[in-house]
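The following exercises concern the contact between two chains and the architecture of one sheet. Please work through each task before reading its solution.

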Amino acid sequence: MHFDKMNRRGFLTSTAALGAGLAMPTIFTSASRAQEYCNMPTGDTVVFGFNVPQTGAYADEGADELRAYELAVKHLNGEGDGGLLNTFTSKALKGSGVLGKKVAFVTGDTQTKSDAARDSAKRMIEKEGAIMITGGSSSGVAVAVQGLCNEMGIIFMAGLTHSNDTTGKDKKRYGFRHFFNAYMSGQALGPVLAEEYGTDRRAYHLTADYTWGWTQEESIINATEKLGWETVSAVRTPLGAGDFSQYITPVLNSGADVLILNHYGKDMVNSLTQAVQFGLRDKQVNGKDFQVVVPLFSRLMAQGAGKNIEGILGTTNWNWSLQDDASQAFVKSFGEEYGFPPSQAAHTCYVQTLLYADACERAGTFAAPEVIKALEGFEFDGMGNGPTLYRAEDHQCFKKALVVRGNDDKQSEYDLLKVVKEVDREALTYDASIFGGDLGPNEGKSC
Amino acid sequence: MDAIIIQILNGLDKGAAYALIALGLTLVFGTLGVVNFAHGALFMLGAFCAVSFNALLTWPIQPPKAEGQLFAPKAIPFMEHQFGELGAAIVNWSVPLSILIAIPVMLLIGLIMERGLIRHFYKRPHADQILVTFGMAIVLQEIVKKIFGANPIPQSAPEMFNGTADIAAWLGMSDAFIVYPWWRLIYFVFAAVVIGAVFAFLNFTTYGMVVRAGMRDRETVGLLGIDIEKRFTVVFGIAAVVAGLAGVMYTPILPPDYHIGMEFLVLSFVVVVVGGMGSLSGAVLAGFVLGILQSFASMNEVKSIFPGIDQIIIYLIAVIILLTMPRGLMGRAGVMED
């Protein structure tokens with residue numbers, strides 16, 4: 001280079017090129033890439049946000065979810081026995097964190113209230129850098145937090161939410177559900193009800209008056225009426241009514257011979273206890289033994305209902321008594337860590353964490369649009385529910401569901417539910433359009 | 001007709017619980033002039049006396065784990081392990097037996113609460129009293145949640161009371177189907193006995209007469225050389241026992257959790273206001289009236305005409321009564337009117 005020959009034009013060209021050259025590396029630095037999407041991890045850790053009910057009516061369920069999340073983080077970071085990483089068919093995760101970063105976590109308390117849950121999720125995203133939010137024990141909360149995460153460009157891996165709306169009319173591009181839904185409960189339970197109680201039955205529904213209760217009532221009515229059952233009445237009860245006697249006594253003289261309790265948690269414990277007290281299970285109507293059905297069961301609820309749950313049919317997403325290798329691996333990991341078996345809430349939360357981490361690993365990035373693509377249409381096995389599909393159209397998992405009965409021959413204090421039937425995913429699959437909704441576009445967002 | 005009789009029974013049963021709690025609230029308000037928002041927590045503590053007693057009787061004796069077994073097998077309850085059938089019978093009767101534990105425990109809790117905290121708020125505005133007692137209720141709730149967890153803990157009535165009574169046969173209605181759970185009928189009778197005992201104590205004993213005199217005119221009773229404060233402390237203890245016993249006996253009806261007191265508290269305040277502040281008989285009357293109306297409002301026939309009426313009926317009646325009878329059903333002049 002001959003500097004003595006440089007003219008004005010050459011000087012400008014050279015300095016512009018030099019400036020561009022000097023600026024070039026910063027385009028690829030993590031600081032500038034952080035602008036591309038929300039909470040891109042810059043250090044050697046990536047932060048997950050676990051949003052569970054730590055206070056309020058579902059605090060025990062939330063505590064079990066949190067235990068499962070902590071166990072999942074341990075396994076992702078290579079501690080413990082690896083749990084379901086050993087049985088999961090995708091082998092992208094190696095127990096060395098996710099994309100070379102150790103997993104850290106922050107927690108929030110949903111209080112099982114939509115506002116509180118949104119506040120805690122927002123705090124974890126804005127202040128604590130959570131790249132993904134997961135958790136919850138209620139459909140109201142799931143729908144609210146899913147909406148928030150969708151606005152902020154953060155993936156939401158739903159915990160325990162059973163309403164059809166979560167992946168139906170309220171589905172969002174950034175929201176994913178592993179747990180089954182009310183429609184699947186109806187499809188799974190229907191044939192067993194017909195087999196056990198016949199096709200000539202008259203059903204009376206008591207339904208919790210909120211999104212989950214409505215969709216469950218609708219799904220069970222559809223499933224049972226297809227069998228030939230008649231619906232005598234469907235009565236909405238306020239959430240947390242406590243004393244259900246005034247709703248149960250009209251059942252006595254209604255001509256119904258089946259009571260279907262579309263209640264969950266404390267409401268289910270109370271309504272079932274009181275239905276038994278009013279002698280419904282000892283009653284004969286229309287020449288048949290009166291029956292009580294609880295379409296959605298959980299082991300933690302069964303504990304609360306005590307002896308009253310014995311012999312009652314319902315459905316569950318997963319149960320610790322399953323004998324497949326994956327379920328047993330998870331029960332062993334969880335049992336050795338905490339001294340008791342995991343609940344279905346713990347199982348779905350653990351699986352959701354691993355599925356998210358695996359999707360990041362397969363996508364090669366934490367950028368949400370790529371992770372969403374990796375999750376959509378993902379087929380896997382080895383998580384405890386047999387071959388499973390994360391359907392692209394609505395972000396709902398399709399897998400086996402269980403019909404269970406309250407156990408009257410317990411071998412341990414946790415042996416509360418007996419699996420009656422494992423229903424294959426083909427019987428539970430439906431057209432994604434029947435519940436409406438729109439996922440929205442898969443576009444990157446910055447928070 | 002069947003449905004109407006059943007709803008009357010439901011209303012009496014509900015009313016019995018409202019009346020028992022409202023009775024204690026009114027007693028404390030009438031004697032000490034304190035608006036006690038921790039009264040629901042006393043109901044909850046009573047319920048947990050039953051839970052604790054049962055937990056002690058059924059303390060798990062864990063058989064050893066077999067080799068390769070991940071979780072311990074089903075535990076044997078302590079009493080059954082130690083005393084066989086006799087132990088099992090005692091466990092079966094644990095709810096009624098826990099009354100014997102609940103009386104001294106609740107009396108002690110009541111005395112400590114009054115001496116330790118509430119007496120310092122006698123001369124403070126009602127707003128301060130509400131804040132401090134509500135705060136105390138939350139503290140008590142959280143302690144119970146920490147110890148017993150958030151889930152309801154079911155308690156069984158003695159086996160012989162598990163079924164239902166054939167009310168239709170009692171009424172000679174052979175073609176009707178009217179049954180009602182034995183334990184709920186027992187709860188109603190129990191509430192009537194406790195309410196009767198409190199009224200008898202206040203009306204037919206010298207101690208009660210002095211308390212009533214103190215409720216009317218504290219200063220004059222003091223001038224007669226009677227330590228009315230001490231007697232009021234005992235009255236607070238009695239109110240705590242009444243709330244506690246209501247809680248103990250309610251456990252087989254509603255599996256108790258840490259929040260059970262709050263569920264009754266708001267309704268019981270409405271009952272007190274409708275009955276008339278400071279009126280014991282008003283509280284009992286209002287408890288039963290509102291209980292029965294709430295039950296009728298829940299009938300499908302009523303709800304088909306007025307949807308959602310079951311959710312608001314109590315508050316609607318309260319508004320109507322307060323508009324037409326500002327002192328409530330049996331309120332006395334001068335109470336909370338300053």
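Two exercises with worked solutions follow, and both refer to a predicted model.

**Exercise 1.** Determine how many residues of chain A and of chain B take part in the contact, and describe the side of chain B that touches chain A by element and by residue class.

*Solution.*
1. Chain A contributes 38 residues to the contact and chain B contributes 34 residues, where two residues count as touching if their C-beta atoms, placed from the backbone, lie within 7 Å.
2. On the side of chain B that touches chain A, at least two residues each come from α1 (2-32), β4 (179-181) and α12 (280-297) of chain B.
3. The largest share, seven residues, is supplied by α1(B).
4. By class, this side of chain B comprises 17 nonpolar, 11 polar and six charged residues.

**Exercise 2.** Establish the strand order of the seven-stranded open sheet in chain A, explain why β7 and β17 of chain A each have one side without a neighbour in the sheet, and identify which strands helix α6 of chain A touches.

*Solution.*
1. The order is β7-β6-β8-β11-β12-β16-β17 (chain A), with mixed pairing.
2. β7 (230-237) and β17 (417-423) of chain A are at the edges and each has a single partner strand, so one side of each lacks a neighbour in the sheet.
3. Neighbouring strands of this sheet are turned against each other by 20° on average, direction ignored.
4. Within the sheet, β8 (residues 258-262) and β11 (residues 291-296) of chain A pair in the parallel sense over three bridges; Val258(A) stands opposite Gln291(A) in β11(A).
5. Helix α6 (residues 182-197) of chain A packs on the sheet and touches β8, β11, β12 (313-316), β16 (401-406) and β17 of chain A. The direction of α6(A) makes about 155° with that of β12(A).

Definitions and conventions:
Residues are numbered from 1 along each chain as its sequence is written. Chains are lettered from A and ligands numbered from 1 in the order in which they are written. This is a predicted model: local features need pLDDT of at least 70, side-chain atom pairs count only at pLDDT 80 or more; totals for chains, interfaces and linings use all residues. Helices (H or I, at least four residues) and strands (E, at least two) are DSSP runs, numbered from the N terminus. Ala, Val, Leu, Ile, Met, Phe, Trp, Tyr, Cys and Pro count as nonpolar, Asp, Glu, Lys and Arg as charged, and the others, Gly among them, as polar. Two strands pair if DSSP finds at least two bridges between them. Axes are lines fitted to C-alpha atoms, for helices over the stretch in contact, and angles run from 0 to 180 degrees between N-to-C directions.
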